[in-house]
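Colleague: Please take a close look at a single part of this structure, and then place that part in the setting of the whole chain. A connected account would serve better than a list.

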Amino acid sequence: MTTTITDPSLQVFSAGATDQLLMWRTDANLPLGGRTVTIAVSDFFLSMASSWMTMWFAALPTTAPEHGWWRNGTELAYAGDPTTAPALPGGMTTEQFAAVRNAYLASLPTTDPGDGVSDWNNSGVITKSIKSGT
């Protein structure tokens, strides 16, 4: 008996934080041009969310508007009546956003890796690496 990906017993519609995702990492130095790797769903979310969070957070105003989200130093703040605050993108609460951002920030190196790609923790600020020699 052959099992295919369309087999209903293989269908999964949700993922737990400790589930593992199978991914292909390209590497031209390997015979097949890459290798398989696994990553926990929670780590995958953090890695994908980091660039979105960094760009969105950086785009916020640094002075409080009459009503709305703003960046108070390294903290996310809302000006106005908090009971009327709109949900954050993706429906996150301020506490959830802070928890994800803080977990991601804590996972980063505290010195610039110098690769021009990675994020690093620059005294509590998520900072994009500067390529060596630039």
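**A close view of one loop and its setting**

Modeller: Once its neighbours within four places in sequence are set aside, Gly 33 is in contact with Trp 24, Arg 25, Thr 26, Asp 27 and Ala 28. These contacts are read from a predicted model. Gly 33 itself sits in the loop that links strand 1 (20-26) to strand 2 (34-40). It counts as partly exposed, because its relative accessibility is 27%, and this value falls between the limits of 20% for buried and 50% for exposed.

From this loop the description can be carried into the two strands. Met 23 belongs to strand 1, and Val 37 to strand 2. Val 37 touches Leu 21, Leu 22, Met 23 and Arg 25, residues up to four places away in sequence being left out. Under the same exclusion, Met 23 has contacts with Arg 35, Thr 36, Val 37, Ile 39 and Phe 44. The pair Met 23 and Val 37 thus appears in the contact list of Val 37 and in that of Met 23.

Two C-alpha separations give further detail on how these strands are placed. Met 23 and Thr 36 are 13 residues apart along the chain, and their C-alpha atoms are separated by 5.6 Å. For Val 37 and Trp 24, also 13 residues apart along the chain, the corresponding separation is 6.1 Å. Trp 24 is also one of the residues in contact with Gly 33.

The two strand residues fall into separate accessibility classes. Val 37 is classed as buried because its relative accessibility is 17%. Met 23 has a relative accessible area of 32%, so it is partly exposed.

The wider fold is as follows. The protein has 2 helices and 6 strands, and from the N terminus on these elements follow the order β-β-α-β-β-α-β-β. Of the 134 residues in the protein, 25% are buried. Among contacts between residues at least 6 apart in sequence, 18% join residues at least 24 apart.

Towards the other end of this order, strand 5 and strand 6 are joined by a loop that holds Ser 123. The phi angle of Ser 123 is near 55 degrees, a positive value in a residue other than glycine. Most residues other than glycine have a negative phi. Ser 123 is exposed, because its relative accessible area reaches 72%.

The one salt bridge found in a search of the whole structure joins Asp 119 and Lys 128, whose closest N and O atoms are 3.0 Å apart. Side chains of opposite charge can pair when their charged atoms come close. The two partners are classed in separate ways: Asp 119 is buried at a relative accessible area of 8%, whereas Lys 128 is partly exposed at 45%.

Ser 129 follows in the segment after strand 6 (125-128). With a relative accessible area of 6%, Ser 129 is buried. Its side chain makes a polar contact with the side chain of Asp 112 at 2.6 Å and reaches the backbone nitrogen of Gly 116 at 3.1 Å. Residues up to four places away in sequence not being counted, Ser 129 touches Asp 112, Pro 113, Gly 114, Asp 115, Gly 116, Val 117, Ser 118 and Trp 120.

Strand 6 also takes part in the largest pocket, which has a volume of about 160 Å³. Helix 1, helix 2 (94-107) and strand 6 are the elements that each give two or more residues to the lining of this pocket. Helix 1 provides the largest share, 4 residues. The lining residues are Met 53, Thr 54, Phe 57, Ala 58, Arg 71, Gly 73, Thr 74, Phe 97, Arg 101, Val 125 and Ile 126.

A word on confidence completes the account. The mean pLDDT of the protein is 77, with 84% of its residues at 70 or more. Among the elements, strand 5 (residues 119-122) has the highest mean pLDDT, 85, and helix 1 (residues 41-59) the lowest, 75. Where pLDDT is low, the predicted coordinates should not be read in detail.

Technical notes:
Residues numbered from 1 in each chain as written. Predicted model: local features only at pLDDT ≥ 70, side-chain atom pairs only at ≥ 80, totals over all residues. Heavy atoms only, no water. Buried < 20%, exposed > 50% of the residue type's maximum accessible area, 1.4 Å probe, protein only. Polar contact = N/O pair within 3.5 Å; in protein donor to acceptor, adjacent residues only side chain to side chain. Contact = heavy atoms within 4.5 Å. pLDDT = per-residue confidence, 0-100. Salt bridge = Lys/Arg side-chain N within 4 Å of Asp/Glu carboxyl O. 1 Å grid on protein atoms, 1.4 Å probe; cavity = no way out; pocket = protein on both sides within 12 Å on 5 of 7 lines; lining within 4 Å. Points joined across faces, edges and corners; volume = space filled by probe spheres on them.
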